[in-house]
Amino acid sequence: MRLTKSQTAYALLIVCASARLLLQMAALPPYAGLDEVYHVARLAFVRAEHRNPTTTEVSIPPYLMNSIAAAHANRSAGVLAGWPAGVPRLRPMEAALPAMGESAEQWPRIVAARNGHIIIDRSLTPADLKPYVVKNYEAQQTNLYYSLAARLVPVRSALFELRAWRALSLLFALISVIATAEIGRRWLGPIGILGGAILVSLPTWETLVLRAGNDAFACMLVAVAVTISGSAPRRPLAIAAEALMWGLAINAKMYTWPLLIILPVLWWRQRAPKKRVIAVVVISLIAVLLTFAELSSRTRNPLGVVAFDRPGGVVYEAKISISEIVRVTIASAAWTSGQFNDALRPAAIAAYLAPIVLILLLAVRRRDPSASLRAGYGPAGGTPALLAFAAIGAFALAQTYNVVACVLANRGGNPIPIGGKEGWYWYVLAPVVIPALLMPAVARWRAAAWWLVAWDVVITEVALFHDFAGTSSPMHGSLLFRWGPLQLPFTAHLGDIGVGPLAAWTTAIRIVHLAAFFSLESLLQRMRLNDRNIDNANAR
């Protein structure tokens, strides 16, 4: 059976996205993702205890504390404070996967001390699993992802479970990509499918989703929810699916909540039936209430956020710098490498993003009204952009509230760092922002897509993979990156450093990704030109 052009496009998208996601998964060292070792600790606890931990009980198993210890050159590091007597400590340099995310600037030294052999595949024993050692701050997360994912992976080895949970995140991320592509197709026609391929070429999004944790799960649910809502469902089963997906997204992670603001706009423009509105609103409210109840039972407040804890006692002075918050947000949104803090320098951020921002602004001003007609929004046009700006505004307000809550928490006796600067969280908006704002620019200027892919290669193969390989450090920063020196792409050796699988084949995987991207982009541009010629012929 011969595939249609649209089916061929989606097949190429799946190959392109799978290759790029696998590239990230293959190269990642142990627990290199944001807070990844603590997400794994929560999963391990739920798997063993068949319940989710509270924020006040010890819940990190010894083998993961040994991984944290292996990331510290000094065994007496403060992170080990409170290790109970009688709990065995393995020799980190020999028996544990070192947690790169905890190593910060020590990672090159750790790689050198192990002669480049980081990966250890050792079966877990009962002594590795219990007794639990210290409290886990990731207990503040809602339980949906952990209750599902923990039961899918049996106890074998630390390497096996890390690969399995990352593979699950890869699946969730792939579904997010397909959903983003489908939203783009409905809003812009076939060229919108390229939005999914653009998404996997954003290194910060890769950092957010390609790790063991609940972010890929939450991003998937909200992307599917937006896809269903954008299709203007009217049949009972489709309405039920829309309500269910929004309810699950709300419960999965709270940074999905600002996206709810797009629903009234969609319902208004689609003339949604009352039964649809009522169904989604009721299920969403139930999800919010269940989230509050569940978090209240395990944490100290209904939101599970430590900023809302008020222990009393000493009043701490919270130093807040608006300029610092803005700078960190921009820097971490441009590229979040992980907890070891490599980053693009300001000049590199300008070179990377300024052309995209410029053509994005031009595309918004010269927006093609036919895109709105194809999307079914009517001749007024502009609805996709309106949705994107509404979501961005709501998310900005949420982050502002985060800052205010942290300041108040300090004054209430809770000396937590000032939050609201997490640029990587903004990528949950990708299913709306990429099709609505970025893809119109890419449709007009083909070079924009390749500019983003080229920077993906520069950031990933020139900087990130050499960071993983331990051949760069903050002592030798370059013009582009905080860590350096600059090195040639495709020369990092990750065979015994990346958790994998296929860590030794990263160059081949990247070639597959680039070939699939080129084929997809060329096909979609031809389809777009063909559609334009047909429209011009019909107009005559």
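The paragraphs below lead through the ring pairs, charged pairs, surface residues and cysteines of this structure, which is a predicted model.

A good place to begin is with the aromatic side chains, because a pair of aromatic rings can be described by the distance of the centres and the angle of the planes. The structure holds 17 aromatic pairs, and one of them joins Trp-335 and Phe-481. The ring centres of Trp-335 and Phe-481 are 5.8 Å apart and their planes stand at 80 degrees, so the pair is described as edge-to-face. Trp-335 belongs to the loop between helix H16 (322–334) and helix H17 (346–365), while Phe-481 belongs to the loop between helix H21 (446–469) and helix H22 (506–539), so this pair ties together parts that are 146 residues apart in sequence. Trp-335 and Phe-481 are both buried.

Aromatic rings also gather in a group, since Tyr-145, Tyr-146, Phe-172 and Phe-217 form one aromatic cluster. A member of that cluster, Tyr-146, has Arg-42 lying over its face, at 4.1 Å from the ring centre. A comparable arrangement can be found at Trp-268, where the charged end of Arg-269 sits over the ring, 5.5 Å from its centre.

From charges over rings we can turn to charges that pair with each other, and here the structure holds 16 salt bridges. In one of them Lys-130 is joined to Glu-49, with the closest N and O atoms 2.9 Å apart. This pair links distant parts of the chain, for Lys-130 is in the loop between helix H7 (126–129) and helix H8 (144–149), whereas Glu-49 is in helix H2 (residues 36–49), and the two are 81 residues apart. Lys-130 counts as partly exposed because its relative accessibility is 41%, and Glu-49 also counts as partly exposed, at 26%.

Are the partners in other salt bridges buried or partly exposed? In the salt bridge between Asp-128 and Arg-122, the closest N and O atoms are 3.1 Å apart; Asp-128 counts as buried, at 4% relative accessibility, whereas Arg-122, at 28%, counts as partly exposed. Asp-215 forms a salt bridge with Arg-211, where the closest N and O atoms lie 2.2 Å apart, and both Asp-215 and Arg-211 are buried. Salt bridges can also be joined to one another, as Arg-20, Asp-456, Glu-461 and Arg-510 are linked in a network.

The surface can be followed next, through nonpolar side chains. Ile-278, Val-282, Ile-283, Ile-286 and Leu-290 form a nonpolar patch there, and together they have about 430 Å² of accessible area. Within this patch, Ile-278 is found in helix H15 (residues 274–298), and Ile-278 is classed as exposed because its relative accessible area is 51%, where exposed means over 50%. Leu-397, which lies in helix H19 (residues 383–411), counts as exposed as well, at 62% relative accessibility. The C-alpha atoms of Leu-397 and Gly-420 are separated by 9.9 Å, although these residues are 23 residues apart along the chain.

The cysteines complete this walk through the structure. How many disulfides does a search of the whole structure find? The search finds zero. Among the cysteines, Cys-16 is buried, with a relative accessible area of 0%, and Cys-219 is likewise buried, with a relative accessible area of 4%.

Conventions: Residues numbered from 1 in each chain as written. Predicted model: local features only at pLDDT ≥ 70, side-chain atom pairs only at ≥ 80, totals over all residues. Heavy atoms only, no water. Phe/Tyr/Trp six-rings, centres within 6.5 Å; stacked < 30°, edge-to-face > 60°. Helix = DSSP H or I, 4+ residues; strand = E, 2+ residues; numbered from the N terminus. Buried < 20%, exposed > 50% of the residue type's maximum accessible area, 1.4 Å probe, protein only. Lys NZ or Arg CZ within 6 Å of the ring centre and 35° of its normal. Disulfide = S-S within 2.5 Å. Patch = residues over 30% accessible without salt bridge, like charges linked within 9 Å, V, L, I, M, F, W, Y side chains within 5 Å. Areas by Shrake-Rupley, 256 points an atom, 1.4 Å probe, with all protein chains shown as cover. Salt bridge = Lys/Arg side-chain N within 4 Å of Asp/Glu carboxyl O.
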